[in-house]
Amino acid sequence: MKKKIASLLFTALLAVSVIGCSVPGSGSKVVTPDENGYAEGKLGDTMRNSFFDYTVNSAYLCDTYSDYTPQSGYELLVADVTVKNVFGETITMFDNDFQVQWNSDANDAYDCPVTYYLAEGTSLGDEVLPGEYDLAKDESRTGLLVFEVPAGEKEFSISYMEYFEDDSTGDTFFVFFSADKK
């Protein structure tokens, strides 16, 4: 089953849900969407959607990762994420299933992991989740998502929006957190 992110819809959602939002502390609960299809969690919470659970375990900022250096004015956000298939069959995961948002009212205050932009066959190492991978039924995988973010930002969210083969969308999930330089 193929899934993809609808970036334009994310922009609209960001305008009403991300700016100024921060959930302090560390979570450890399972979060499902409310009646409006919106779910909000924090580090350690398990976000449950139709296809998989995901947990942002931890995150930090740095100047470089592996041999990757961000563009001028940016730094890297490295998030440790666990993904578990809860669907009845194997699913294909993509790096752009997840997006990062930061505290800004700009329409472009979000991005995909850097792996989305790398040349095919390029890797940042075994710990980084690849651009595409399969998860068998009930399989889980833990790895890193690496994002370029504006230098100086500290408040972030990592989101996922259900996107179906018929181009319809479902629920939207946000994990809010602060990250410090490592």
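1. F164 is a useful place to begin, since at 25% relative accessibility this residue counts as partly exposed. In this predicted model, F164 belongs to the loop between β11 and β12, while F51 belongs to the loop between β3 (46–48) and β4 (52–62), so the pair that they make ties together parts that are 113 residues apart in sequence. The ring centres of F51 and F164 are 5.6 Å apart and their planes stand at 50°, so the pair is described as tilted. Unlike F164, which is partly exposed, F51 is buried, with a relative accessible area of 1%.

2. A further ring pair joins F156 and F177, whose centres are 6.1 Å apart and whose planes stand at 35°, so this pair is tilted. F156 comes from strand β11 and F177 from strand β12, so the contact between their rings ties together parts that are 21 residues apart in sequence. Both F156 and F177 are buried.

3. Taken over the structure, there are twelve aromatic pairs. One aromatic cluster is formed by F52, Y54, F98, Y160 and F173. Two tyrosine rings also have a charge over them: the charged end of R141 sits over the ring of Y133, 4.7 Å from its centre, and K182 lies over the face of Y60, at 4.4 Å from the ring centre.

4. As for the chain as a whole, one helix and twelve strands are assigned, and along the sequence the helix precedes the strands, in the pattern α-β-β-β-β-β-β-β-β-β-β-β-β. Of the 182 residues in the protein chain, 48% are buried. The accessible surface comes to about 8700 Å², and carbon and sulfur atoms account for 45% of that surface. When contacts between residues at least 6 apart in sequence are considered, 66% of them join residues at least 24 apart.

5. Which strands make up the open sheet, and in what order do they stand? Five strands form this sheet, in the order β2-β12-β11-β7-β8, and the pairing among them is mixed. The edges are held by β2 (38–42) and β8 (110–111), each of which has a single partner strand, so one side of each is left without a neighbour in the sheet. In general, the strands of a sheet pair through backbone hydrogen bonds, and may do so in the parallel or the antiparallel sense.

6. Within that sheet, β11 (residues 155–163) is mostly covered, with eight of its nine residues buried. Strand β7 (residues 99–102) pairs with β11 in the antiparallel sense over four bridges; in this pairing Q101 stands opposite S157, and W102 stands opposite F156, the residue whose ring also pairs with that of F177.

7. The pairing of β11 with strand β12 (residues 169–178) is likewise antiparallel and runs over eight bridges, with Y163 of β11 having T169 as its bridge partner in β12. These two strands form a hairpin with five residues between them, and in that hairpin D167 takes a positive phi near 70°. The loop between β11 and β12 is also where F164 lies.

8. Strand β4 is also mostly covered, as eight of its eleven residues are buried. With β3 this strand pairs in the antiparallel sense over three bridges, and M47 stands opposite Y54 in β4, a tyrosine that also belongs to the aromatic cluster. The hairpin formed by β3 and β4 has three residues between the strands, and F51 lies in this loop.

9. β4 also pairs with strand β5 (residues 74–85), again in the antiparallel sense, over ten bridges. Here Y60 stands opposite V78 in β5, and the ring of Y60 is the one whose face K182 lies over. As a general reminder when reading such strands, side chains in a regular strand alternate between the two faces of the sheet.

10. A last point concerns the cysteines. How many disulfides does the model hold? The count comes to zero, the rule being that a pair of cysteine sulfur atoms must lie within 2.5 Å. C62 is buried, with a relative accessible area of 7%, and C112 is buried as well, with a relative accessible area of 8%.

Terms used:
Residues numbered from 1 in each chain as written. Predicted model: local features only at pLDDT ≥ 70, side-chain atom pairs only at ≥ 80, totals over all residues. Heavy atoms only, no water. Buried < 20%, exposed > 50% of the residue type's maximum accessible area, 1.4 Å probe, protein only. Pairing = 2+ DSSP bridges. Contact = heavy atoms within 4.5 Å. Areas by Shrake-Rupley, 256 points an atom, 1.4 Å probe, with all protein chains shown as cover. Phe/Tyr/Trp six-rings, centres within 6.5 Å; stacked < 30°, edge-to-face > 60°. Lys NZ or Arg CZ within 6 Å of the ring centre and 35° of its normal.
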